[in-house]
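Please walk through the model shown below, starting from the strands and ending with the cysteines.

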Amino acid sequence: MTTKLRILIDEDVGNLMAEHIQSYSGMLSVKYVREMPGFKGTDDAPLVTYANAEHRVLITMDTGINHNSYPPCTHSGILRITTHNKHEAFQGGILKRFFQSGLRARVKDCVTYVSSFKAEIHSH
């Protein structure tokens, strides 16, 4: 039996992209900051703290959330989308391929950068 990866989508991720991520319901249990009352405009640190308390990997595009500001093993996991192509359907396809790969299981407690051509996982 496979356990769904618990995800929190940052508000800097657009609605279309969030819909793509939410459509992977067989693989993920998803919450989206834009749909959570009282979370709009939440700063990075409280958002990472909330994700950690909920045992959720934070998906973000925020460049300030990285392995330097949030070192591996100090949170439940961060997955940053770093594609040069900003089209949300394209990004959604990249993330879907990532989540379907075996790498999905390695994001817990790590900082992962997913780009068009590779996934870079920073672990402790």
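**Strands, a helix and side-chain contacts**

Val114 stands opposite Ala119 in strand E6. This is a predicted model, in which local features need pLDDT of at least 70 and side-chain atom pairs count only at pLDDT 80 or more, while totals for chains, interfaces and linings use all residues. Residues are numbered from 1 along each chain as its sequence is written, and side-chain values use heavy atoms, with hydrogens and water left out.

Strand E6 covers residues 119–122 and runs antiparallel to E5, to which it is joined by four bridges. Helices (H or I, at least four residues) and strands (E, at least two) are taken as DSSP runs and numbered from the N terminus. Two strands count as paired if DSSP finds at least two bridges between them. The connection from E5 to E6 is a hairpin of four residues.

On from this hairpin, E5 also pairs with E4; these two strands run parallel and share four bridges. In this pairing Leu79 stands opposite Thr112 in E5. E4 is in turn joined to E3 by three bridges, again in a parallel arrangement, and here Leu58 stands opposite Ile78 in E4.

Which way do the side chains of strand E4 (residues 78–81) point? Ile78 and Arg80 point one way, Leu79 and Ile81 the other way, and all are buried. Buried means under 20% relative accessible area, exposed means over 50%, and partly exposed lies in between, using a 1.4 Å probe and protein chains only.

Helix H3 (88–100) comes before E5, with a loop between them. Its 13 residues should span 18 Å at 1.5 Å a residue, and the end C-alpha atoms are 18 Å apart, so the two values agree. The expected span is 1.5 Å times one less than the number of residues. The buried residues of H3 are Gln91, Gly92, Ile94, Leu95, Phe98 and Phe99. They cover an arc of only 160° around the axis and therefore lie on the same side of H3; the arc is that of the directions from the helix axis to the C-beta atoms. Arg97 and Gln100 are exposed on the other side of H3.

Two of the buried residues of H3, Phe98 and Phe99, also belong to an aromatic cluster, together with Tyr24. The structure holds three aromatic pairs. Rings of Phe, Tyr and Trp (its six-membered ring) pair if their centres lie within 6.5 Å; planes under 30 degrees apart count as stacked, over 60 as edge-to-face and the rest as tilted.

The loop between H3 and E5 contains Asp109. The phi angle of Asp109 is near 70°, a positive value in a residue other than glycine. Asp109 is partly exposed, at 36% relative accessibility. A positive phi also occurs at His55, where the angle is near 55°. His55 lies in the loop between H2 and E3 and is exposed, at 51% relative accessibility.

Next come the charged contacts. Side chains of opposite charge can pair when their charged atoms come close. A salt bridge is counted when a side-chain nitrogen of Lys or Arg is within 4 Å of a carboxyl oxygen of Asp or Glu, and the count comes to four. One of them joins Glu54 to Lys31, at 3.1 Å from N to O. This pair links distant parts of the chain, 23 residues apart: Glu54 is in the loop between helix H2 (44–53) and strand E3 (57–60), and Lys31 is in strand E2 (residues 28–32). Lys31 is partly exposed, with 27% relative accessibility.

Glu54 also meets Arg56 in a salt bridge, at 3.4 Å from N to O. Arg56 is buried, with 4% relative accessibility. A network of salt bridges links Arg6, Lys31, Glu54 and Arg56. Another salt bridge, at 3.8 Å from N to O, joins Glu120 and Lys118. Glu120 is partly exposed at 34%, and Lys118 is exposed at 54%.

How many disulfides does the structure have? A search of the whole structure finds zero, a disulfide being a pair of cysteine sulfur atoms within 2.5 Å. The cysteine sulfur closest to that of Cys73 is in Cys110, and the distance of 6.3 Å is too far for a bond. Cys73 is partly exposed, at 48% relative accessibility, whereas Cys110 is buried, at 8%.
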